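Subject: Structure handover

Hi there,

Here is the structure I promised to pass on to you. Have a look at it first, and then read on for my notes.

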Amino acid sequence: MCGIWALFGSDECLSVQCLSAMKIAHRGPDAFRFENVNGFTNCCFGFHRLAVVDQLYGMQPIRVKKFPYLWLCYNGEIYNFKQLQKQFGFDYQTLVDGEVILHLYNRGGIEQTASMLDGVFAFILLDTANRKVFLARDTYGVRPLFKVLTDDGFLGVCSEAKGLINLKHSTSLCSKVEPFLPGHYEVLDLKPSGKVASVELVKFHSCKDEPLHVACDTVESLPSAGFDLETVKSNIRILFENAVRKRLMAHRRIGCLLSGGLDSSLVAAVLLKLMKEININYPLQTFAIGMENSPDLLAARKVAAHIGSEHHEVILNTEEGIQAIEEVIFSLETYDITTIRASIGMYLVSKYIRKKTDSVVIFSGEGSDELTQGYIYFHKAPSPEEAAEESERLLKELYLFDVLRADRTTAAHGLELRVPFLDHRFTSYYLSLPAELRIPKNGIEKYLLRLSFEDSNLLPKEILWRPKEAFSDGIASVKKSWFSILQDYIDQQVDDLLLEKAAEKYPFNPPKTKESYYYRQIFEKHYPGRSSWLPHYWMPRWVKATDPSARTLKHYKSATQE
């Protein structure tokens with residue numbers, strides 16, 4: 001996990017512009033480099049490093065003797081770099097996984113490069129010999145990337161939008177900063193002036209398609225095909241375990257977020273099992289956050305005892321949670337209601353991990369709800385086919401919501417997140433299954449995933465079949481949910497009259513509640529006029545919901561009702 005930043009064709013003094021690069025220093029607390037491009041005095045790279053792999057030669061931009069004309073700045077992990085080396089006979093000069101990007105590009109161009117990478121990534125690749133700039137981002141946007149391109153060809157690229165919004169340019173303050181789309185690469189021509197012109201934007205992978213890099217996977221082919229239940233369950237277990245195993249690549253200590261829900265519990269259980277198998281000689285640290293006696297804390301405690309992790313509990317007090325709202329919104333760069341609510345707990349637990357432990361590489365359960373139809377509103381889906389379509393829509397928008405939350409809350413504290421549920425191979429297999437198999441059954445969401453692990457003894461039965469809790473609800477006490485505590489506080493902060501006139505003040509995505517208005521005010525304070533970064537609020541479908549919290553849905557059952 002690092003912070004990348006680059007400018008091409010800057011009219012302003014680079015030493016002034018590079019102050020913007022310091023806005024993402026939290027993403028790489030171990031080292032910083034700022035480097036001009038030979039022959040292009042108005043082009044430069046900035047890089048903040050979190051040293052996770054190859055602590056000696058891991059600085060960027062990466063340049064190797066074999067390709068002196070290539071410059072690479074990337075944020076991510078490429079899990080199949082050793083398999084690709086073996087398959088194509090690449091001669092690596094460092095231990096950095098990202099070096100494979102240079103070799104793949106030299107061998108087959110940008111299309112093959114992006115398609116063959118098994119991992120999470122956002123990168124800027126400069127080819128001075130052919131005067132090209134390439135940008136690319138992984139299928140689900142697990143690693144963030146933003147860009148700004150002016151009409152006269154000035155390009156700014158950064159891991160977070162905050163590193164671009166204050167750039168100076170002769171024509172104006174920088175125009176439209178926007179997220180770079182996941183699963184795409186862009187080709188740009190580099191002119192002698194250092195300015196660029198976009199040539200094409202190409203979608204190189206869809207979540208439903210089996211990725212090209214399957215041929216270079218540790219599990220090359222599944223032992224059996226077909227959709228009979230036992231085969232499917234076995235394949236799900238094999239591919240999920242494979243997804244966790246390949247993510248063990250790290251020279252820093254591994255930890256795991258553990259809410260006590262199905263997703264994080266499965267990740268933690270499989271992770272610990274595999275760490276033992278490869279003789280990692282330190283205990284797995286697991287981390288839970290919640291208010292005293294909240295459902296998540298109690299469930300996480302049970303899982304930690306079952307799997308034998310070194311468990312840490314962070315008690316959330318309401319004052320601390322409320323005080324964190326502004327810094328959380330600044331980190332997130334969004335005003336989405338459910339994202340902010342869920343981020344507060346994750347931000348505070350990440351802060352604890354950074355201050356009190358030496359765990360740096362943090363596993364988490366993001367992506368499962370979207371992939372395996374875990375949201376409670378999936379019970380209301382009109383048909384299996386519509387549920388399958390909704391699942392794909394959610395996966396495509398992850399970079400705006402849960403993946404954004406997971407990246408920014410951990411990166412704010414210099415941690416690197418690993419999300420095995422979003423493994424390309426695992427997701428494409430799960431989405432290839434008949435729609436009927438993937439829907440909730442017997443009143444239980446994620447039924448197929450639970451069933452697949454039922455006989456594994458990885459988790460206690462009551463955890464394996466525990467109903468869905470929204471993270472922002474699960475960390476609260478049963479009596480009063482976190483979002484209602486937030487709303488009580490915000491009610492005192494936002495006047496009724498302000499809310500009445502909200503649509504005039506904020507015509508795009510107008511706030512409908514005081515809570516929404518409060519978040520929007522803070523967002524606009526830090527990112528004025530950037531409301532288009534959020535195309536729409538996250539809300540459940542097929543139900544008449546006015547609030548995204550699971551607790552407001554009829555299907556929701558708290559522990560007090562069971």
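Before the sheets, one convention: two strands count as paired if DSSP finds at least two bridges between them. Please also keep in mind that this is a predicted model.

With that in hand, let me start with strands β5 and β6. Strand β5 (residues 67–78) and strand β6 (residues 119–127) run antiparallel and are joined by nine bridges. Which residue in β6 is the bridge partner of W71? That partner is L126. W71 has company on its ring as well: R63 lies over the face of W71, at 3.7 Å from the ring centre.

Both strands belong to an open sheet of six strands, with antiparallel pairing and the order β4-β5-β6-β7-β11-β12. At its edges stand β4 (62–64) and β12 (196–203); each has a single partner strand, so one side of each is left without a neighbour in the sheet. From one strand to the next, the twist averages 20°. Helix α3 (residues 99–116) lies across β4, β5, β6, β7 (132–137), β11 (184–190) and β12, and runs at about 85° to β5.

There is another open sheet of six strands, again with antiparallel pairing, in the order β2-β3-β1-β9-β8-β10. Here the edge strands are β2 (31–37) and β10 (177–179), each of which pairs on one side only. The twist in this sheet averages 15° from one strand to the next. Within the sheet, strand β8 (residues 146–149) and strand β9 (residues 155–158) run antiparallel, with four bridges joining them. As an example of the register, L149 has L155 as its bridge partner in β9.

Now to the annotated positions, which may be what you look for on the bench side. The UniProt record, an unreviewed entry, lists C2 under "active site". C2 is placed in the segment before β1 (3–8). Is C2 buried or exposed? Its relative accessible area is 9%, and since buried means under 20%, C2 counts as buried.

The same kind of record, also an unreviewed entry, gives "binding site" for L257, I289, S364 and G365. Two of these are worth a visit in the viewer:

- L257 is found in strand β13 (residues 253–257) and is buried, at 9% relative accessibility. Not counting residues up to four places away in sequence, L257 touches S264, F287, M346, V349, I353, I362, F363 and S364.
- S364 lies in the loop between β16 (359–363) and α10 (368–371) and is buried too, at 4% relative accessibility. Leaving aside neighbours within four places in sequence, the contacts of S364 are L257, V267, M346, L417, R418, V419 and P420.

So L257 and S364, both listed under "binding site", are in contact with each other.

Next, the aromatic rings. A pair of aromatic rings is described by the distance of the centres and the angle of the planes. The count comes to 33 aromatic pairs. One of them is F88 with F90, a tilted pair at 5.5 Å centre to centre and 35° between the planes. F88 is partly exposed, with a relative accessible area of 21%, whereas F90 is buried, at 11%. Another tilted pair is F240 with F426, at 5.6 Å centre to centre and 55° between the planes. F240 lies in helix α4 (residues 229–246) and F426 in helix α13 (residues 424–432), so this pair ties together parts that are 186 residues apart in sequence. Both F240 and F426 are buried.

Beyond pairs, one aromatic cluster is formed by F146, F330, Y335, F523, Y527, W533 and Y537. Y335 also has a charge over its ring: the charged end of R520 sits 4.3 Å from the ring centre.

Finally, D407. This residue lies in helix α12 (residues 402–411) and is buried, at 3% relative accessibility. D407 touches R27, V142, R143, P144 and L417, not counting residues up to four places away in sequence. L417 is also among the contacts of S364. R450 is another matter: the C-alpha atoms of D407 and R450 are separated by 26 Å, with their positions 43 residues apart along the chain.

Happy browsing, and best wishes!

Note on methods:
Residues numbered from 1 in each chain as written. Predicted model: local features only at pLDDT ≥ 70, side-chain atom pairs only at ≥ 80, totals over all residues. Heavy atoms only, no water. UniProt positions renumbered as here; feature names shortened; annotations may be inferred. Helix = DSSP H or I, 4+ residues; strand = E, 2+ residues; numbered from the N terminus. Buried < 20%, exposed > 50% of the residue type's maximum accessible area, 1.4 Å probe, protein only. Axes fitted to C-alpha atoms, helices over the stretch in contact; angles between N-to-C directions. Contact = heavy atoms within 4.5 Å. Phe/Tyr/Trp six-rings, centres within 6.5 Å; stacked < 30°, edge-to-face > 60°. Lys NZ or Arg CZ within 6 Å of the ring centre and 35° of its normal.
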